[in-house]
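User: Hello! I am new to this structure and would like to learn how to read it. Could you walk me through it?

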Amino acid sequence: MKKNILIIPGDGIGQEVTVWGKQVLASIAAQFNHEFSFQEAIMGHTAIEATGNPLPDETLVKAKASDAILFGAIGHQKYDNDPSAKVRPEQGLLKIRKELGLYANLRPILLFDELLDASSLKPEVLRGTDILFFRELTGDVYFGEKKRNEQNTFASDLMNYNRYEVERIARKAYEAARTRGKKVCSVDKANVLETSRLWREVVQEIAAQYPDVETEHMFIDNAAMQLVKNPKKFDVVLTANLFGDILTDEASQIAGSMGMLASASIGDGTGFFEPIHGSAHDIAGQDKANPLASILSVALMLDIAFGLQEEARVVTNAVAATLKSGWRTGDIANAETRPENILGTNAMGAKVLELLKK
Ligand code: IPM
Ligand code: MG
């Protein structure tokens, strides 16, 4: 198979972890006789520094011309403490999601048995959890009109949804549920928000077309609580952009660490694959970041973008084997981990690569 893959390392630890995602892709290509060619592009703070624009046109052109994109992370603390900055790294990510029509963000909460004791939650609460989030990605308050009055005493962000936006993500979630536990939990705030009432109405209509899938509607506040109380009860979780952003960070603790979670953003064209973690400038450049989320994002790319299920399995198995052998990065180590088993980004990436070849 011939594929043209765009690597966008982005900011902070994004630069360090995508190196390993790319190496894994190259190794899979060699092992399975595929021809993967790689291009690189800039985005985020890195792109602002180089061009003044968080998403240069050149990056967008390359993105549209590629078969899949592996992205690292975005952001810089300089902007976090400067709410008045007009140009921000995150604008690059939001714009590329919109431009590529990436309306469905899949975030699997993949729990490796070896990491049951890396979480702050009890192993018996976690064991057996397997959740797939469908987060809507190109609508909601993220993309609604933003306002601030001249006196600087008022601001507003418009939360809005079109029927078709809810329909298409709901359909994707139900299709996926059919191949899994056959349950969809749709999360909203329909007791308060009009957008959520439209959301619930549309989901009910789609649900009627999937009688073999069990549907539950849950308010976001309750869902946030249930997720840590009894995560096993969830199969597919379907939710809006902002609720999904928050819930999936919470859910990452089920998998032990943000450093473990991969995501796939799909829609009309080229798919976009990235860890759910941020740029983590506090540990950037120190060889401390966990490369596994980037490597697992590669597994999602192979599976979802290229239909290479066997290759995807080989990657996921190599990650599992690495953990089984006892290797950990700092974020997934615990008090019992032997210090010599705690590896940096590069040593951890190299371990996975070694086991991938076996
Ligand atoms: C995510 C991130 C982004 C989001 C930020 C960086 C804009 O938190 O992908 O979850 O809010 O969507
Ligand atoms: Mg987030």
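Analyst: Happily; we will go through the sheet, a strand, a helix pair and two residues. Residues are numbered from 1 along each chain as its sequence is written, and chains are lettered from A, with ligands numbered from 1, in the order in which they are written. This is a predicted model, where local features need pLDDT of at least 70, side-chain atom pairs count only at pLDDT 80 or more, and totals for chains, interfaces and linings use all residues, while side-chain values use heavy atoms and leave out hydrogens and water.

User: How do I read the sheet, and what is the order of its strands?

Analyst: Helices (H or I, at least four residues) and strands (E, at least two) are DSSP runs, numbered from the N terminus. Two strands pair if DSSP finds at least two bridges between them. Here, an open sheet of 10 strands runs in the order S2-S1-S3-S12-S11-S4-S5-S10-S8-S9, and its pairing is mixed.

User: Which strands stand at the edges?

Analyst: Strand S2 (35-40) and strand S9 (214-219) do; each has a single partner strand, so one side of each is left without a neighbour in the sheet. From one strand to the next, the twist averages 25°. Angles like this run from 0 to 180 degrees between N-to-C directions, and axes are lines fitted to C-alpha atoms, for helices over the stretch in contact.

User: What packs on the sheet?

Analyst: Contact means heavy atoms within 4.5 Å. Helix H10 (residues 241-252) packs there, touching strand S4 (104-109), strand S5 (131-136), strand S8 (183-188) and strand S10 (236-239). The direction of H10 makes about 150° with that of S5.

User: Let's look at one strand. Which way does S11 run relative to S12?

Analyst: Strand S11 (residues 262-266) and strand S12 (residues 271-275) run antiparallel, joined by 4 bridges. A hairpin of 4 residues links S11 to S12. Among the facing residues, Ser263 has Glu274 as its bridge partner, and Ser265 stands opposite Phe272. S11 also pairs with S4 in the antiparallel sense, over 3 bridges, with Leu106 opposite Ala264.

User: Is S11 covered or open to solvent, and how many of its residues are buried?

Analyst: Buried means under 20% relative accessible area, exposed over 50%, and partly exposed in between (1.4 Å probe, protein chains only). S11 is mostly covered, with 5 of its 5 residues buried. Ala262, Ala264 and Ile266 point one way, while Ser263 and Ser265 point the other way.

User: How do H11 and H12 pack?

Analyst: Angles under 35 degrees count as roughly parallel, over 145 as roughly antiparallel, 65 to 115 as roughly perpendicular and the rest as oblique. Helix H11 (residues 292-305) and helix H12 (residues 309-324) meet at about 160°, with axes 7 Å apart. H11 and H12 are therefore roughly antiparallel to each other. Residues in the contact include Leu292, Ile295 and Leu296 of H11 and Val315, Val319 and Leu323 of H12.

User: Finally, where are Ala173 and Ser257 found?

Analyst: Ala173 is in helix H7 (residues 163-178) and is buried, with a relative accessible area of 0%. Not counting residues up to four places away in sequence, Ala173 touches Phe134, Val184, Val236 and Leu238. Ser257 lies in the loop between H10 and S11 and is buried too, at a relative accessible area of 7%. Leaving aside neighbours within four places in sequence, Ser257 is in contact with Ser252, Asp331 and Ile332.
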